[in-house]
Amino acid sequence: MISTGGSWSVVVLVGAFGLQFFTAILTYGTGFIHLSLLEVYKESDATTSIVGSLFINLMSVTGPLTSYIIDRIGCRVTASLGGILLVVGLIGSHFASSLWALIVTYGIISGLGIGLALIPCPVSVGFAFPKHSGIAMGITTAGVGMGMLASGPIMQYLLDTYGLRGTFLLSAAIASHTIPCGMLLRTPHSKIQKQGKTEERFAYFKTYLTLLKTPAYMCVLLGAVLWNIAYAVIMIHLPNYVVLSGSSRKEASFLFTVIGIGTVLSRIVIGLAIGPNGLDPLLLNFGLSACMGALIVTFPLFVNLSSGPMVFASLYGIYSGGLLVFTVPLCLEIVGARRLNSAIGLWFFLIGLGSLTGPPLIGLVYDITGSYGLSYILSGFCVLLAALLTLVATFWRKLLKNVEEVSPNAEFQLSKECNFTDQDRELSPREQLDNLITEKNEFA
């Protein structure tokens with residue numbers, strides 16, 4: 001894919017923001033759906049957690065497949081198909097008669113739909129704003145914060161008024177708005193793709209092997225896996241935790257509104273901070289992860305206080321909100337625009353594996369101990385380890401910094417002297433250089 005450029009880039013930004021907003025209403029309402037599922041089906045916390053965990057994390061596990069589909073048919077068609085699949089799954093959940101049926105309709109079908117709808121967002125924004133990916137991603141992911149603001153009150157109102165089945169049906173109505181939003185994500189294919197030229201059938205997936213051999217990228221990615229475990233746990237188990245600790249359901253739903261406010265502010269500020277000639281995204285990522293981990297570890301100490309959950313929600317929104325902004329800027333910095341689509345696909349796949357297993361395991365710990373305290377302490381240590389891995393990633397940036405010092409003439413000379421393929425020659429000299437550096441990392 002190539003950059004959209006021009007005024008249509010703003011349209012892409014609007015479409016991506018809308019997708020993030022409407023899907024966030026659904027994903028951040030999973031905790032309240034989880035509470036209702038526990039009451040209706042009377043299953044264990046660990047078993048019930050599978051439904052919500054699949055819904056919010058299957059989109060990540062299918063990351064490489066989704067990025068492959070994007071490479072073949074573009075972001076616009078992929079996102080629109082995802083919206084359709086999401087609506088179908090939620091309508092099917094309205095007619096589901098058992099928890100296991102919901103695993104298929106709500107967990108798998110709708111989860112796949114969210115993946116196809118959401119993953120094109122960072123890809124399209126990355127191509128639309130290659131020089132300002134930080135602020136562009138800040139604005140885009142602010143849609144998640146806005147959705148979070150609305151999620152708690154909306155989902156609780158729907159459950160109180162229409163019950164679990166009615167909530168699924170009306171959630172499908174909310175999800176239908178993702179279809180027109182997805183149609184705005186125009187990312188033209190390159191001339192080579194239009195002419196049908198490909199190196200070989202499985203060449204696209206071979207780029208993942210190169211990414212796996214890039215140390216800085218893998219450190220940051222493994223860190224993202226760890227903090228997403230805690231992120232998924234809080235999305236699903238926070239309402240139940242604070243209700244069991246003495247808060248009402250209305251107070252629990254308001255927590256996500258508070259988190260959303262902090263998230264919106266954090267993502268816009270972080271997006272501005274890591275713009276051109278801005279602050280180091282790796283060090284900012286480290287700082288936010290460390291603060292977030294310390295907050296989660298200590299949460300069991302003040303959850304029973306009257307203002308404890310509100311303090312947690314306020315700080316958690318600030319710390320966790322900014323972390324999602326770093327996905328595109330870090331991928332662009334470490335692996336370059338040439339492999340942006342593959343890097344994002346692998347990113348979502350691995351963080352999905354972590355966050356998919358997190359909520360059921362935490363639910364199992366709760367079933368065994370009867371308390372969420374130990375679960376949150378373990379989740380917090382995962383985030384602290386993520387901060388450490390991000391710090392380690394800075395040791396592999398020396399080569400990347402040397403690349404930044406290469407002059408345009410040197411770039412042109414390098415692209416001329418190296419044995420690039422015809423497909424490589426369609427790239428700019430700078431993209432050719434990024435491609436060569438990543439190939440060198442493969443043999444490092």
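This section describes the aromatic ring contacts of a predicted model.

The structure contains 16 aromatic pairs. One of these is formed by Phe 32 and Phe 256, whose ring centres are 5.6 Å apart. The planes of the two rings meet at 70°, and the arrangement is edge-to-face. Phe 32 belongs to helix α2 (residues 30–41) and Phe 256 to helix α13 (residues 249–273), so the contact ties together parts that are 224 residues apart in sequence. Both Phe 32 and Phe 256 are buried.

A further pair involves Phe 299 and Tyr 376, with 5.7 Å between the ring centres. Because the planes of Phe 299 and Tyr 376 lie at 55°, this pair is classed as tilted. Phe 299 is located in helix α14 (residues 281–302), whereas Tyr 376 is located in helix α18 (residues 373–393); the pair therefore ties together parts that are 77 residues apart in sequence. Buried residues are those under 20% relative accessible area. Phe 299, at 0% relative accessibility, accordingly counts as buried, and Tyr 376 counts as buried at 1%.

The residues of the two pairs described above also appear in a cluster linked by ring pairs. Its members are Tyr 28, Phe 32, Trp 227, Tyr 231, Tyr 241, Phe 256, Phe 299, Phe 302, Phe 312, Tyr 316, Tyr 372 and Tyr 376.

An aromatic ring is also involved in a contact with a charged group. The charged end of Arg 72 sits over the ring of Tyr 68, at 5.0 Å from the ring centre.

Key
Residues are numbered from 1 along each chain as its sequence is written. This is a predicted model: local features need pLDDT of at least 70, side-chain atom pairs count only at pLDDT 80 or more; totals for chains, interfaces and linings use all residues. Side-chain values use heavy atoms; hydrogens and water are left out. Rings of Phe, Tyr and Trp (its six-membered ring) pair if their centres lie within 6.5 Å; planes under 30 degrees apart count as stacked, over 60 as edge-to-face and the rest as tilted. Helices (H or I, at least four residues) and strands (E, at least two) are DSSP runs, numbered from the N terminus. Buried means under 20% relative accessible area, exposed over 50%, partly exposed in between (1.4 Å probe, protein chains only). A charge sits over a ring if NZ of Lys or CZ of Arg is within 6 Å of the ring centre and within 35 degrees of the ring normal.
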